[in-house]
Amino acid sequence: MSLGPGWRRLFRLPVRTKRSICADIDDELAFHISMREETLERRGMSPESAHRTALARFGNPDVVRSECFTVDSQFAREARMTEWLESLLADLRFAARTLRRTPVFALVATLTLALGVAASSAIFSLVDGILLRPLPYPDPGRLVRVAQSFPEKGLSNWSLSQENFAMYRDGASDFQSFAGYWVRGTTIQSDGQPKRIVGVQVTGDFFTVLGVQPMLGRAISRVDDHPNPTAVVVLGNGFWLTHFAGDPNVVGKTIDLYGTPTRVIGVMPPGFAFPDPTVQVYRPLGLDPSRRFGWFIRGVGRLKPGVSPEHARAQTTGLLWTWARNEPDLLGLRVDPKATHLQTTVTPLHDAMTGETAQPLAVLQAAVMVILLIAVGNVAMLFSSRATGRSREVAVRSALGATRERVMRQLLTESMVLAIAGGTMGIVLGATLVRAFTHSPIATLPRITEVGMSWRVATFTLAVSMMSGLLCGLAPAIHLPRRRLADALSGSTQSSRTSARRLNSSLVVAQLALSVMLLVSAGLVIKSFRRLLGTDLGFTPSNVTSISLPLPPQRYSDRMAVPPLTEQLVRRVSALPGVGATAVVWSPPFSGGVNTDGDLIEGHAPPPDAGSETQTVTISVTPGYFNTIGIPLRYGRDVSWDDRANGLPVVVVDEALASRYWVGADAIGKRMRLTGDTTWLTIVGVVGSIRDEDVATLPRPHSYFPYAQQPSASPSLVVRMRGDASPVVAAVRRVVSELEPAVPLDGVRSLSESIDVVLRTRRLTEALLLGFALLAATLAAVGVYGVMSLYVTNRHREFGIRLAIGASPQNLVRRVLGEGSVLAVLGVLIGMGGALIGTGWLGTLLYQVSPTDPEVFVGLGLGLFAVAVTASYLPARRAARSDPLVALRAE
Amino acid sequence: MAHAESDLLRSSLDLLILKALSWGPMHGYAVSEWIESATDTVLLVEEGTLYPALHRLEGRGWITAEWGVSDRNRRAKFYKLSAAGRARFRAESSVWHRHADAIAGALRQTSAAAAEGR
């Protein structure tokens with residue numbers, strides 16, 4: 001690119017101001033006019049007429065002046081722009097050259113930043129998709145979930161009965177529309193095989209409440225709200241694609257649901273699945289408001305504009321109380337409900353869906369912020385160590401006429417190049433992580449299908465990394481050019497290096513402190529998780545497989561048809577090779593939700609303030625169940641095949657129930673009954689307590705009934721395997737299809753898997769936190785290594801002299817290690833202090849571990865201290881190998 | 001139409017300025033005097049129009065400007081042809097000659113048939 005002389009002139013000139021341009025133009029034009037006047041006067045004109053003529057010949061000076069000004073300022077602007085671009089190019093070329101000269105530095109800085117950005121952009125994407133973004137329905141802020149709560153009965157998230165539902169739908173004026181739904185496994189016949197899919201049964205206003213209409217056909221509506229609805233179904237988009245290959249004429253066709261030909265009336269648009277992504281079909285609930293029993297409906301409502309959830313809660317609670325006053329027997333409630341904590345809960349739908357995820361995500365978000373801070377700290381440190389090494393170069397450039405701004409810009413360009421490279425790498429890596437994560441089976445968070453790296457997150461994290469680049473470049477740039485030129489040129493850079501090292505030392509202490517806080521938090525969560533895994537559940541889940549057997553409702557509408565089938569099933573399966581023990585149960589542990597009922601003990605007066613009688617989990621079992629899943633029998637006997645429907649009603653209770661009323665074997669022979677049923681049940685055995693809902697909650701009292709006396713149409717078969725499960729499962733399948741061909745057999749899951757499902761979110765949090773903590777510790781170790789290397793480089797001369805006058809290398813190693821240890825101790829202590837304050841925030845992530853658990857604090861504190869000292873050992877060894885001659889010559 | 005005329009004038013004015021400066025450094029007034037005498041005042045109706053042209057040429061790098069002292073001992077801005085300007089002048093003037101000859105020839109044509117004779 002060749003430049004004209006005019007350019008060069010502009011380059012040399014300082015930036016031309018508007019005023020100087022104007023003054024030059026005025027002078028030039030005035031000179032012309034006065035020259036013309038003089039010439040005219042010399043020809044004999046009077047000064048006045050010479051002036052008039054000169055002006056007339058010149059034209060309007062104002063027009064000329066403004067035209068000249070426009071031309072000049074435009075060229076001045078162009079010149080400035082070119083100059084700026086030229087110097088930016090030069091900076092970039094220079095940055096690329098210097099970074100190539102120190103590839104390790106460039107690589108470490110870029111990778112450090114990339115890791116920090118990747119971790120944070122991935123977690124921010126989760127937070128953004130799950131917590132921050134509104135639900136994908138029109139006006140989602142008005143959607144609420146409605147449930148009931150009756151703490152005295154141990155019911156915190158109590159679903160609605162059909163009667164309750166209709167009461168709120170018709171009586172609560174706060175709702176614009178109100179719907180109920182019930183998620184159920186549904187059996188379809190597909191290619192002649194029964195298959196289990198997830199369906200949801202909904203009331204007529206379901207799609208109105210959510211504000212989403214089918215893309216084909218019609219939605220389920222109020223006309224479907226009667227006890228015997230026509231068999232119709234609305235397909236989810238995924239189901240439509242997989243089972244009908246996206247057939248646009250699907251409406252009007254039929255599918256076999258539970259043996260009933262069911263007409264397809266609509267197809268939902270892609271992306272719609274409520275309440276969770278597993279739902280494939282929507283069917284009418286067949287609402288019967290006269291049904292007073294059976295609390296299974298989840299309520300979801302759309303509030304009228306401007307109505308608060310709190311107001312709707314008060315209104316629906318009023319309705320609930322009125323209802324409860326008229327139903328004293330149903331609830332066993334003989335006092336004014338106002339005196340109890342009976343109430344409805346109205347929660348914004350977004351919170352209801354994501355509530356349990358909010359805290360783990362908040363902790364993870366804090367963790368990645370810490371990582372990002374540590375990473376940025378490392379980059380700043382790398383830059384400032386390198387900048388001190390380059391102080392002479394900078395001084396020379398200043399002496400040659402580079403302004404302070406120019407030098408700072410050069411340094412900033414370098415850091416920005418790294419920041420942009422690291423940030424971009426990090427975002428690409430983060431997006432890959434997010435994609436891998438959302439497609440992995442461990443990702444069972446709510447709304448996970450909506451998660452993806454958004455522009456919002458990418459822009460934010462890139463901005464953060466560029467900000468960090470700016471700061472990293474600035475930190476050393478600020479104290480560089482202020483130094484006295486002579487000092488730098490003469491080579492005595494000691495003072496600046498000391499100040500750089502002081503900055504770096506505080507950075508390293510801060511990094512260590514942050515790492516300790518993160519490590520300790522992760523340690524506490526991990527210890528909690530180990531505690532959870534080690535919790536004695538009261539039974540032995542390993543090697544037990546549970547197979548759910550949803551029976552076709554038409555054939556088993558009389559529940560008494562079930563026990564003969566179960567008896568046959570158990571006899572035939574227990575004869576199979578590889579089967580240790582087997583039984584039928586309703587419902588197995590960790591199958592999601594249990595049935596509870598109030599229990600009344602003979603001879604113990606019902607509590608006067610009714611509603612506070614104890615609750616028991618009710619389970620129906622065939623003989624051998626306790627043996628199969630490993631619940632110990634303490635006293636009395638197991639249920640037996642002789643406990644028939646027409647025999648003596650018996651029950652086996654667990655210790656959690658028995659110990660409330662009796663000591664040891666005293667429970668045997670006593671009688672109890674359930675509220676709502678007047679039959680007295682004789683206690684024939686006492687078994688050990690179990691945890692079968694959540695690992696972290698205490699065991700609840702259980703009552704076990706003989707299956708023949710309390711049958712259910714959705715039994716599960718539990719099998720204790722002697723060896724490999726799969727051949728046994730195949731054999732069981734054959735037995736089941738022979739006995740009852742209409743039963744789908746895809747609900748096979750080991751008990752351990754079921755327990756894992758409950759622990760998934762915790763396991764995920766634990767794994768991610770562990771990874772982040774290790775990353776933080778590694779980055780902090782890099783930081784310690786960096787700052788100690790700088791320390792050794794700076795004292796190279798001193799160490800050389802010390803060696804020359806007889807200091808031993810070991811002595812030097814000890815000195816350097818000592819310096820490193822001081823930083824490590826400071827960082828670890830500050831971090832432990834911070835952790836003491838901060839870990840209380842982990843709240844429910846902790847289980848049977850104190851937020852100040854000394855083992856975790858001391859162990860991890862010492863661990864990180866050891867890591868830090870190790871990281872300073874490498875520079876220390878370098879110090880010991882200092883060559884006195886080289887060291888002295890270097891300056 | 002006025003636009004075309006001013007374009008034509010501007011390019012000829014640029015060429016004349018370069019020609020004037022090919023004699024040596026001059027201030028704006030001297031340039032205007034030279035153009036006046038060389039063209040019998042035909043081209044430069046208003047002397048002021050010279051200055052934006054000078055500044056434009058300066059911005060393009062074809063002439064350079066420097067403040068100096070005039071022969072009457074007054075501060076004046078002197079313009080000088082740069083190497084790039086000299087090259088530009090040579091290229092432009094030969095183009096101008098070609099065009100002028102072609103246009104003059106065309107204007108002298110007396111019959112439409114002459115076009116076929118070529």
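Which residue of β8(A) is the bridge partner of A:L235? In β8(A), that partner is A:V267. Please keep in mind that this is a predicted model. With that said, let us walk through the strands around β8(A), then some unusual backbone spots, a helix pair, and finally chain B.

**Around β8 of chain A**

A:L235 pairs with A:V267 as part of the contact between strand β6 (residues 232-235) of chain A and β8(A), where 4 bridges join strands that run parallel. Strand β7 (residues 254-257) of chain A also pairs with β8(A) over 4 bridges, but in the antiparallel sense. Here A:I255 faces A:T262 of β8(A). The hairpin formed by β7(A) and β8(A) has 2 residues between the strands, and A:Y258 takes a positive phi near 55° there. Strand β5 (residues 216-217) of chain A is joined to β8(A) by 2 bridges, and these strands run antiparallel. In this pairing, A:G217 has A:G266 of β8(A) as its bridge partner.

Chain B has strand pairings too, and the table sets the two chains side by side.

| Strand pair | Bridges | Direction | One bridged residue pair |
|---|---|---|---|
| β5(A) and β8(A) | 2 bridges | antiparallel | A:G217 and A:G266 |
| β6(A) and β8(A) | 4 bridges | parallel | A:L235 and A:V267 |
| β7(A) and β8(A) | 4 bridges | antiparallel | A:I255 and A:T262 |
| β1(B) and β3(B) | 2 bridges | antiparallel | B:M26 and B:Y79 |
| β2(B) and β3(B) | 7 bridges | antiparallel | B:I63 and B:L81 |

**Backbone spots worth a look in chain A**

Most residues other than glycine have a negative phi, and most peptide bonds are trans. Against that background, a few places in chain A deserve a visit. In the loop between β8 (260-267) and β9 (281-284) of chain A sits A:P275, and the peptide bond from A:F274 to A:P275 is cis, with omega near 0°. Another cis peptide bond runs from A:W586 to A:S587, with omega near 10°. A:S587 belongs to the loop between β13 (579-586) and β14 (595-601) of chain A.

The loop between β13 and β14 of chain A also holds A:F590, which is not a glycine yet has a positive phi of about 55°. Is A:F590 buried or exposed? With a relative accessible area of 4%, A:F590 is buried. A:N543, also not a glycine, has a positive phi of about 65°. A:N543 is placed in the loop between α16 (494-533) and β12 (544-548) of chain A, and is partly exposed, with a relative accessible area of 49%.

**A helix pair in chain A**

Helix α5 (residues 103-132) and helix α21 (residues 751-794) of chain A have axes that come within 12 Å and cross at roughly 155°. α5(A) and α21(A) are therefore roughly antiparallel to each other, and their crossing is left-handed. From α5(A), the contact is made by A:V108, A:T112, A:L115, A:A119 and A:I123, which meet A:L768, A:F772, A:L775, A:L779 and A:V782 of α21(A). Sorted by class, this contact has 9 nonpolar residues, 1 polar residue and no charged ones.

**The sheet of chain B**

Chain B contains 5 helices and 3 strands, and from the N terminus its elements run α-β-α-α-β-β-α-α. Of its 118 residues, 37% count as buried. Among contacts in chain B between residues at least 6 apart in sequence, 44% join residues at least 24 apart.

The strands of chain B form an open sheet of 3 strands in the order β1-β3-β2, with antiparallel pairing. β1 and β2 of chain B stand at the edges, each with a single partner strand, so one side of each has no neighbour in the sheet. Helix α3 (residues 50-60) of chain B packs on this sheet, touching β2 and β3 of chain B, and its direction makes about 55° with that of β3(B).

Strand β1 (residues 26-27) of chain B joins strand β3 (residues 75-81) of chain B through 2 bridges. B:M26 stands opposite B:Y79, while B:H27 has B:F78 as its bridge partner in β3(B). On the other side, strand β2 (residues 63-69) of chain B meets β3(B) through 7 bridges. The hairpin of β2(B) and β3(B) has 5 residues between the strands, and there B:N73 takes a positive phi near 65°.

Definitions and conventions. Residues are numbered from 1 along each chain as its sequence is written. Chains are lettered from A and ligands numbered from 1 in the order in which they are written. This is a predicted model: local features need pLDDT of at least 70, side-chain atom pairs count only at pLDDT 80 or more; totals for chains, interfaces and linings use all residues. Side-chain values use heavy atoms; hydrogens and water are left out. Axes are lines fitted to C-alpha atoms, for helices over the stretch in contact, and angles run from 0 to 180 degrees between N-to-C directions. Angles under 35 degrees count as roughly parallel, over 145 as roughly antiparallel, 65 to 115 as roughly perpendicular and the rest as oblique. A crossing is left-handed if the near helix is turned anticlockwise from the far one by less than a right angle, and right-handed if clockwise. Contact means heavy atoms within 4.5 Å. Ala, Val, Leu, Ile, Met, Phe, Trp, Tyr, Cys and Pro count as nonpolar, Asp, Glu, Lys and Arg as charged, and the others, Gly among them, as polar. Two strands pair if DSSP finds at least two bridges between them. Buried means under 20% relative accessible area, exposed over 50%, partly exposed in between (1.4 Å probe, protein chains only).
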